[in-house]
Amino acid sequence: MPLIFHIESGRYGGIVLDGLNVALAIHTPGPMAEGNWSVAAYIDQRADDKQTEALGAIFTGAVGGPMAALAPLIGKNLGVRKVPITFRIEGKKRSAEIPGILHMSVDPLPTAHPSGEMWANTGHPVSPEKLAFAVGAPGNTFSDHGMRWDNSGKNGHYAPIRWSNQS
């Protein structure tokens, strides 16, 4: 499963991370809670050295925050690679691409809420406040590190997140 992050506005200490993207490819051999995950990280090639170091620390959980809770589940770190990552928002659709590696696109599921509200309050570790349930568009694929999958028509979700580490 991929986790794709677009940072609209963010800082790590004095390092500005605005507009950068990060993707994590995660393979779990069984139930996610049982661990032994294999994880590959992809950092936006536009990040300078300080931004790359900051993003690596944040998304490995090395500096605390939500990703620190997932770190003990990782059994195999497949490394970090800087790549071009394109992230798009088109209406309610979200998509990301890493040429030759990943193409993901999700559309939110229809809602029965009278207001048209698509956000659900969940308990997801990455976004505990709200989440849009979605479905993968045709052509949702990942291929790298000997892992290959096609998430076309499968479940997905997206959410705005606000992380801070006050420790």
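## The nonpolar cores

Let's start on the inside of this predicted model. Its largest nonpolar core has 19 residues, and the ones that touch the most other members are Phe5, Leu17, Leu24, Ile26, Leu55 and Phe59. Several pieces of the chain chip in: strand 1 (2–6), strand 4 (21–27), strand 5 (37–44), helix 1 and helix 2 (66–70) each supply at least two residues of this core.

There is also a second core, separate from that one. This one is made of 14 residues, including Val83, Ile85, Leu102 and Met104.

## The sheet

Now for the strands. Four of them form an open sheet in the order 1-4-5-6, and the pairing is mixed. Strand 1 and strand 6 (74–83) sit at the edges, where each pairs on one side only. Going from one strand to the next, the twist averages 15 degrees.

Take a look at where strand 1 meets strand 4. The two run antiparallel and are joined by five bridges. Follow Leu3 across and you'll find Leu24 of strand 4 standing opposite. Leu24 also turned up earlier, among the core residues that touch the most other members.

## A look at Gln51

Next, pick out Gln51, which lies in helix 1 (residues 49–60). Is Gln51 buried or exposed? Gln51 counts as buried because its relative accessibility is 13%, and the cut-off for buried is under 20%.

Which residues does Gln51 touch, leaving aside those up to four places away in sequence? They are Ile15, Val16, Leu17, Leu20 and Arg46. Leu17 is a familiar name here, as it belongs to the largest nonpolar core.

Conventions
Residues numbered from 1 in each chain as written. Predicted model: local features only at pLDDT ≥ 70, side-chain atom pairs only at ≥ 80, totals over all residues. Heavy atoms only, no water. Helix = DSSP H or I, 4+ residues; strand = E, 2+ residues; numbered from the N terminus. Buried < 20%, exposed > 50% of the residue type's maximum accessible area, 1.4 Å probe, protein only. Contact = heavy atoms within 4.5 Å. Core = buried A, V, L, I, M, F, W, Y, C linked by side-chain atoms within 4.5 Å. Pairing = 2+ DSSP bridges. Axes fitted to C-alpha atoms, helices over the stretch in contact; angles between N-to-C directions.
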